[in-house]
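Me: Please take a close look at one part of this model: its packed interior. Which pieces build it, and what lies around it?

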Amino acid sequence: MIAELVAEVGPLWHERHRVRLEARLRKRAVGAGAKHRLVFIDRLLATLVHLRHGATHDVLACWFGVDRSTITRAIGEVRPLLATRGCTIAAGIRLRTLAEVIDHLGASGQIGIIDGTEIRVRRPAAGRKDRDKFISGKNKQNAVKAMVLTDIRGRLLFCSPAQPASCADITHARQLGLVKHLSGGPAVEILADAGYQGLGAQTGGRVVTRTVSSRRTRRSGTRRSTSADAKRTLHAGSGSSTASHTSRTGEPSPATWADAST
């Protein structure tokens, strides 16, 4: 797998690096200048470890024996290349954009699931203009948010770029063009939680969310069941008095029937 990534992403990274060098006003001869201490394979491994295990840039810098800024620059260069590569879900099927994911679900007749996930981040530096936007109203911490789309079995199909955590789930979905893709695309059913309520009306019912009325019904149903349980407990407590009215033949007396009916 690593060899495939190196063979596929490596030439793209080298090409971008060459274009960036040629775009400079002051050019050096080919091969001149300082050499990379962190070669491309190490940059790729550092990025994969960071994405998979959430290792910080400081820890990765110690592992690879470079400065933290080198790891930060390497991850910033490799991550867009991996995102452009897309997600391989089957032989010959690779999904890169949200539109391709919607088309794949429609062609295969599958149901999709969307949800927003928050990732805690370090507090932005003081004086940053949009510093307050990273504060999550849900978790009361600094975080970024991404929208994830999976199939009904939970297999990841799409993960959006991160946004500050103060952005609402439904707003993020609209910014990604989910409404446009579903309205003009194939008939796909997308399951979502209450954070996406309102997209169903904009997409012709293709986004199915749990409504507020259903939650109220369920809660009121819980209260009704609790009241019914209390009545059953009260009735069970009167079993001794019921037994006292039972005759020797096992037939309950008329008074017992009256108590039971009430």
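Reply: Start with the contacts. Of those with a separation of 6 or more, 51% join residues 24 or more positions apart. The model is predicted. The chain has 262 residues, and 29% of them are buried. Its secondary structure comprises 11 helices and 8 strands.

Now the interior itself. The largest nonpolar core holds 22 residues. Within this core, L149, L178 and L199 touch the most other members. Five elements each supply at least two residues: α5, β4 (143–151), β5 (156–159), α6 (169–175) and α7 (178–184). The biggest contribution comes from α5, which gives 4 residues.

That makes α5 worth a closer look. The helix spans residues 98–108, and its buried residues are L98, V101, I102, H104 and L105. They sit on the same side of α5, because their arc around the axis covers only 160°. The general rule behind such a pattern is simple. An α-helix has 3.6 residues a turn, so residues three or four places apart point the same way. After α5 comes G109, with a positive phi near 70°.

Next, L178. Setting aside residues up to four places away in sequence, L178 touches L98, I102, I114, A173 and L199. Two of these partners, L98 and I102, are among the buried residues of α5. L199 is itself one of the residues that touch the most other core members.

Y196 shares contacts with this region. It lies in the loop between β7 (190–191) and α8 (199–202). Is Y196 buried or exposed? Y196 is buried, because its relative accessibility is 0%. Beyond its neighbours within four places in sequence, Y196 is in contact with I114, D115, G116, M147, D169, I170, A173 and T209. I114 and A173 also appear among the partners of L178. Y196 and G116 are 80 residues apart along the chain, yet their C-alpha atoms are separated by 9.5 Å.

H172 is another residue to inspect. It belongs to helix α6. Its relative accessibility is 2%, so H172 counts as buried. With neighbours within four places left aside, H172 is in contact with K145, A146, M147, S160, P161, Q163 and C167. M147 is thus a partner of H172, and M147 also contacts Y196.

There is another core, apart from the largest one. This one has 9 residues, among them L38, A61, A74 and I75. A61 leads to α3.

Helix α3 covers residues 57–64, and its buried residues are H57, L60 and A61. They line one face of the helix, because they fall within an arc of 105° seen down the axis. C62 and W63 are exposed on the other side of α3. The buried residues of α3 pack against α2 (40–53) and α4. Just after α3, G65 has a positive phi of about 70°.

D67 follows in the loop between α3 and α4. Its relative accessibility is 48%, so D67 counts as partly exposed. The C-alpha atoms of D67 and H57 are 9.1 Å apart, with these positions 10 residues apart along the chain.

α4 also takes us from packed atoms to open space. Rolling a probe the size of a water molecule over the atoms shows where empty space is left. The largest pocket encloses about 1900 Å³. It is lined by 47 residues, and those closest to its centre are H50, L51, R79, I119 and C159. Helix α4 (residues 68–85) gives the most to the lining, with 6 residues. By class, the lining has 25 nonpolar, 9 polar and 13 charged residues.

One last contrast with the buried positions: K140. It lies in the loop between β3 (112–120) and β4. K140 counts as exposed, because its relative accessible area is 63%. Its phi is near 55°, a positive value in a residue other than glycine. For background, most residues other than glycine have a negative phi.

To recap the interior: α5 gives the most residues to the largest core. L149, L178 and L199 touch the most other members there. The other core has 9 residues, A61 being one of them.

Terms used: Residues numbered from 1 in each chain as written. Predicted model: local features only at pLDDT ≥ 70, side-chain atom pairs only at ≥ 80, totals over all residues. Heavy atoms only, no water. Buried < 20%, exposed > 50% of the residue type's maximum accessible area, 1.4 Å probe, protein only. Arc of directions from axis to C-beta. 1 Å grid on protein atoms, 1.4 Å probe; cavity = no way out; pocket = protein on both sides within 12 Å on 5 of 7 lines; lining within 4 Å. Points joined across faces, edges and corners; volume = space filled by probe spheres on them. Nonpolar A, V, L, I, M, F, W, Y, C, P; charged D, E, K, R; others polar. Core = buried A, V, L, I, M, F, W, Y, C linked by side-chain atoms within 4.5 Å. Contact = heavy atoms within 4.5 Å.
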